[in-house]
Amino acid sequence: MTKPSKIICVGRNYADHAKELGSAIPDTPILFIKPPSSLIGLNDGITWNTDLGSCHFECELSIQIGHTLKNASELEARAAISGVTLGLDLTMRDLQNSLKDQGYPWERSKSYDGSCVLGEWLAPDIIADYKNARYTFKVNGETRQVGETEKMLFDIVGLISHISETFTLEKGDVIMTGTPAGVGPLKSGDQLEMTLDTVLGDISWKTFVR
Ligand code: ZN
């Protein structure tokens with residue numbers, strides 16, 4: 001697997017999630033970055049510094065970029081998608097709220113070691129239509145989040161084009177496209193399952209909280 005130079009995340013891309021956090025609906029995409037050191041494998045198990053409060057799951061459709069993109073058109077952006085999977089944008093929510101309240105950057109709550117878990121990459125054509133993709137996220141067998149990309153405020157291909165105006169995207173870079181409503185705290189021992197609807201049927205990845 002190509003190690004990303006960066007993982008670019010989109011905040012509040014589903015209105016229902018912005019609403020559940022009491023956040024305003026953005027008129028341009030909210031972007032932040034996780035460094036490559038934030039990545040852990042599905043089998044590593046999720047951990048965080050519990051002295052800093054809760055860690056919330058945010059299950060997100062995630063895109064891998066296949067070649068360098070800068071100021072890309074939407075056509076160029078679509079052609080640069082080299083992989084798709086699901087991932088978790090893990091968030092120390094209490095810490096994030098405290099940072100937000102003070103007007104500070106979010107990175108300590110969202111970009112720490114272990115804050116990003118990704119499934120294995122699938123070929124991009126496994127999704128027929130990026131504007132109409134669907135996935136689910138379960139905790140201990142119970143469905144907690146349903147992602148439907150038609151409900152995104154900013155669609156995936158448009159997002160890639162927009163992001164490339166600010167950040168040069170390099171081969172292997174990852175874009176996490178935002179989370180739908182339903183986020184909540186994780187606890188030790190939780191068994192997590194992310195399932196993507198694909199043209200070949202459902203494909204799932206499992207991980208867990210240590
Ligand atoms: Zn997120």
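Q: What is the volume of the largest cavity in this predicted model?
A: Happily, there is little to sort through here: a search of the whole structure finds 1 cavity of 30 Å³ or more. As for the largest cavity, its volume is about 120 Å³.

Q: Which residues lie closest to the centre of the largest cavity?
A: The lining of this cavity is made up of 17 residues. Those closest to the centre are Gly11, Arg12, His17, Glu58 and Lys110.

Q: Which element gives the largest share of the lining of the largest cavity?
A: Two elements give two or more residues to this lining, namely β1 (7-11) and α3 (93-101). The largest share amounts to 3 residues, and the element that supplies it is α3.

Q: How many residues of the lining of the largest cavity are charged?
A: Let's split the lining by residue class. The nonpolar group has 4 residues and the polar group has 6. That leaves the charged group, with 7.

Q: Why is helix α5 largely enclosed by the rest of the structure, and how many of its residues are buried?
A: Helix α5 spans residues 156-166, and its buried residues include Ile156, Leu159, Ile160 and Ile163. Among the elements covering them are β1, β2 (30-34), β5 (59-65) and β10 (174-176). The helix is largely enclosed because, of its 11 residues, the number buried is 8.

Q: Which residue caps the N-terminal end of α5?
A: Look for a side-chain oxygen by the backbone nitrogen of valine 157. The two atoms lie 3.3 Å apart, and the oxygen belongs to the capping residue, aspartate 155.

Note on methods
Residues are numbered from 1 along each chain as its sequence is written. This is a predicted model: local features need pLDDT of at least 70, side-chain atom pairs count only at pLDDT 80 or more; totals for chains, interfaces and linings use all residues. Side-chain values use heavy atoms; hydrogens and water are left out. On a 1 Å grid over the protein atoms alone, a cavity is a set of points where a 1.4 Å probe fits but cannot get out, and a pocket is an open set with protein on both sides within 12 Å along at least five of seven lines; lining residues have an atom within 4 Å of a point. Grid points are joined across faces, edges and corners, and a volume is the space filled by probe spheres set on the points. Helices (H or I, at least four residues) and strands (E, at least two) are DSSP runs, numbered from the N terminus. Ala, Val, Leu, Ile, Met, Phe, Trp, Tyr, Cys and Pro count as nonpolar, Asp, Glu, Lys and Arg as charged, and the others, Gly among them, as polar. Buried means under 20% relative accessible area, exposed over 50%, partly exposed in between (1.4 Å probe, protein chains only). Contact means heavy atoms within 4.5 Å. A polar contact is a pair of N or O atoms within 3.5 Å; within protein, one must be able to donate a hydrogen and the other to accept it, and residues adjacent in sequence count only if both atoms are side-chain atoms.
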